[in-house]
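Thank you all for making the time this morning. I would like to walk through one structure with you, taking the charged contacts, then the aromatic rings, and finally the surface.

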Amino acid sequence: MLIFVYGDDTFRVQEKVKHMKEAFRVKFDSTGLNTAEYPTDGKPKLEVGEVFGSIRSLPFLGQKRMVIVRDLIANTKKPDMGVWEKGFLNAPDSTIVVFWETLEPKELEKKPLFVALKKAADVHAYPFPELESAQLQRWVADRVKVRGGSVSPSALGVLCERVGGDLWAMDHEISKLVAYASGGEISRIMVDELVPVSFEEKIFELMDAISQKRKADAIQMLSNERSAGSDDHYLLTMLGRQVRILLGARSMLDENPRTTKETLATALSVHPFVAQKALAQAKGFTLVHLKAVHDLLFEFDQQLKSGQVSANMAVDLTTVAMMT
C-alpha cells in the first residue's frame with residue numbers, strides 16, 4: 001500500500017501523518033518496532049539501500065510494517081526516479097509506505113515519480129493545500145470547538161484575516177484565546193487585544209486610508225510604523241508591491257466591472273484575501289493615476305541607488321502622490 005500525504009499546509013500534513021502513525025500503532029504495532037521514518041536523524045539525504053531494506057523487511061511479531069519517507073518525490077529528478085519507482089511498486093503487501101511531502105499539491109502531482117507511483121494497485125492520496133476563505137473559517141471554528149471553546153462570527157472573521165492560512169500560528173492564537181476566554185465565547189475585542197496585527201495587514205490598512213483619501217490617518221499610520229521600528233526601505237518595497245497589485249486590479253475592473261476576487265487571485269497569483277482587498281481599494285484610483293505612481297516609484301528606485309533621495313522622503317512623496 002502506498003499513501004501520499006502532501007501539501008503546502010504543513011500543519012495539517014503533519015497532523016495527518018501523526019494520526020496515521022497512532023492508528024497503525026494501535027492496530028498493528030504495540031511494540032513500536034514496525035514503524036520506521038527516513039531520512040533518519042543525522043542523515044540529510046535518503047539512501048536507496050536503507051529505505052528499501054526497511055520496506056522489504058518482514059514485520060516483527062506483527063502483520064504490517066509502516067515506512068514513512070519524507071520529501072522524496074519533490075526532490076527526485078527524472079533521471080534518478082527509475083530505481084525508486086521500481087522499488088516502491090514492488091513493495092511487499094505487508095508494508096505500508098507513507099510519502100510525507102510538503103510541496104504545493106498541484107506542483108507535486110506533476111512530478112514524474114508521483115505520476116508513476118499513482119499507477120500502483122493500492123494507492124491513497126491526501127492532499128492538503130493551504131486553506132482559504134470559508135474553508136479556513138470552518139477549520140478555525142472546528143479547532144476552537146475541539147479546544148473546548150466557541151467564537152463569535154465577527155471574531156472568527158477578524159482572526160482569519162489577521163493570521164491567514166498559517167495554521168501553526170493560528171493554532172497558537174486559538175490556544176491563547178480559548179484560555180483567555182475561560183469557557184466563554186471568544187469575542188472581537190479579545191482578538192483585537194491578544195492577536196497582533198501583521199505588517200501586511202497594516203499595509204492594507206494604510207492602503208485603505210490612501211484609497212479613501214484619509215490623509216491624516218495615512219500620515220499617522222506611517223508615523224506609527226516608523227515609531228515601531230519599520231524600515232523605510234521595506235515600507236517603500238511594500239508600497240510598490242501594493243501599487244502593482246492595484247494596477248492589476250484596476251486594469252481588470254476596467255475590462256470587467258464584475259471581476260471577482262477568485263479571478264484576480266488567479267491572474268495575479270495572490271491570496272484571495274489580498275485580491276478582495278485590492279478590488280475594493282482599486283475603486284479609489286484610476287488606471288492613469290496608478291500608472292503615474294508606478295512610474296514615480298521607478299524614479300525613486302533609481303534615485304535611491306544614486307543617493308539623490310532618502311527612503312524616508314520617497315515613502316512620504318509616494319503616499320502624497322497616491323492621495324492627490
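**Charged contacts**

Let me begin with a network of salt bridges, in which E15, R143, R147 and D171 are linked. Please keep in mind throughout that what you see is a predicted model, and that a search of the whole structure finds 16 salt bridges, from which I will pick out a few.

Within that network, the side chains of R143 and D171 meet in a salt bridge, at 3.0 Å from N to O. R143 sits in helix α6, which covers residues 133-146, and D171 sits in helix α8, residues 167-181, so this pair ties together parts that are 28 residues apart in sequence. Are these two residues buried or exposed? Both R143 and D171 turn out to be buried.

A second salt bridge joins D208 to K277, and here the closest N and O atoms are 3.8 Å apart. Because D208 belongs to helix α10 (residues 199-211) while K277 belongs to helix α14 (residues 272-282), the pair ties together parts that are 69 residues apart in sequence. On burial, D208 has a relative accessible area of 17% and therefore counts as buried, the limit for that class being under 20%. K277, with a relative accessible area of 23%, is partly exposed.

The third one I would like to show is the salt bridge between E37 and K21, whose closest N and O atoms are 3.5 Å apart. This pair, too, links distant parts of the chain, with E37 in strand β2 (residues 35-38) and K21 in helix α1 (residues 10-28), 16 residues apart. E37 is at 28% relative accessibility and counts as partly exposed, and K21, with a relative accessible area of 33%, is also partly exposed.

**Aromatic rings**

Let me turn now to the rings, for which it helps to recall that a pair of aromatic rings is described by the distance of the centres and the angle of the planes. How many aromatic pairs does the structure hold? There are ten aromatic pairs, and I will take two of them in some detail.

In the pair of Y6 and F114, the centres are 5.5 Å apart and the planes stand at 70° to each other, which makes the arrangement edge-to-face. Y6 comes from strand β1 (residues 2-6) and F114 from helix α5 (residues 112-117), so the pair ties together parts that are 108 residues apart in sequence. Y6 and F114 are both buried.

The pair of F52 and W84 has a distance of 5.5 Å from centre to centre, with an angle of 50° between the planes, and is described as tilted. Since F52 lies in helix α2 (residues 48-56) and W84 in helix α3 (residues 81-89), this pair ties together parts that are 32 residues apart in sequence. Both residues of this pair, F52 and W84, are buried, and for W84 the relative accessibility is 7%.

If you step back from the individual pairs, you will find that F4, Y6, F52, W84, F88, F99 and F114 form one aromatic cluster. To give a sense of distance from this cluster to another part of the model, W84 and I174 are 41 Å apart in space, C-alpha to C-alpha, and 90 residues apart in sequence.

**The surface**

On the outside, I would point out two patches. One is a negative surface patch, formed by D8, E107, E130, E132 and D166. Of these residues, E107 is found in helix α4, residues 105-108, and at 46% relative accessibility E107 counts as partly exposed.

The other is a nonpolar patch on the surface, formed by L33, F60 and L61, which together have about 350 Å² of accessible area. L61 lies in the loop between α2 and β3, and with a relative accessible area of 72% L61 is exposed.

Finally, how far apart are E255 and F28 in sequence and in space? E255, found in helix α12 (residues 232-255), is exposed at 69% relative accessibility. E255 and F28 are 227 residues apart in sequence, and their C-alpha atoms are 60 Å apart in space.

Terms used:
Residues numbered from 1 in each chain as written. Predicted model: local features only at pLDDT ≥ 70, side-chain atom pairs only at ≥ 80, totals over all residues. Heavy atoms only, no water. Patch = residues over 30% accessible without salt bridge, like charges linked within 9 Å, V, L, I, M, F, W, Y side chains within 5 Å. Areas by Shrake-Rupley, 256 points an atom, 1.4 Å probe, with all protein chains shown as cover. Salt bridge = Lys/Arg side-chain N within 4 Å of Asp/Glu carboxyl O. Lys, Arg positive; Asp, Glu negative; His and termini not counted. Charge placed at Lys NZ, Arg CZ, Asp CG, Glu CD. Helix = DSSP H or I, 4+ residues; strand = E, 2+ residues; numbered from the N terminus. Buried < 20%, exposed > 50% of the residue type's maximum accessible area, 1.4 Å probe, protein only. Phe/Tyr/Trp six-rings, centres within 6.5 Å; stacked < 30°, edge-to-face > 60°.
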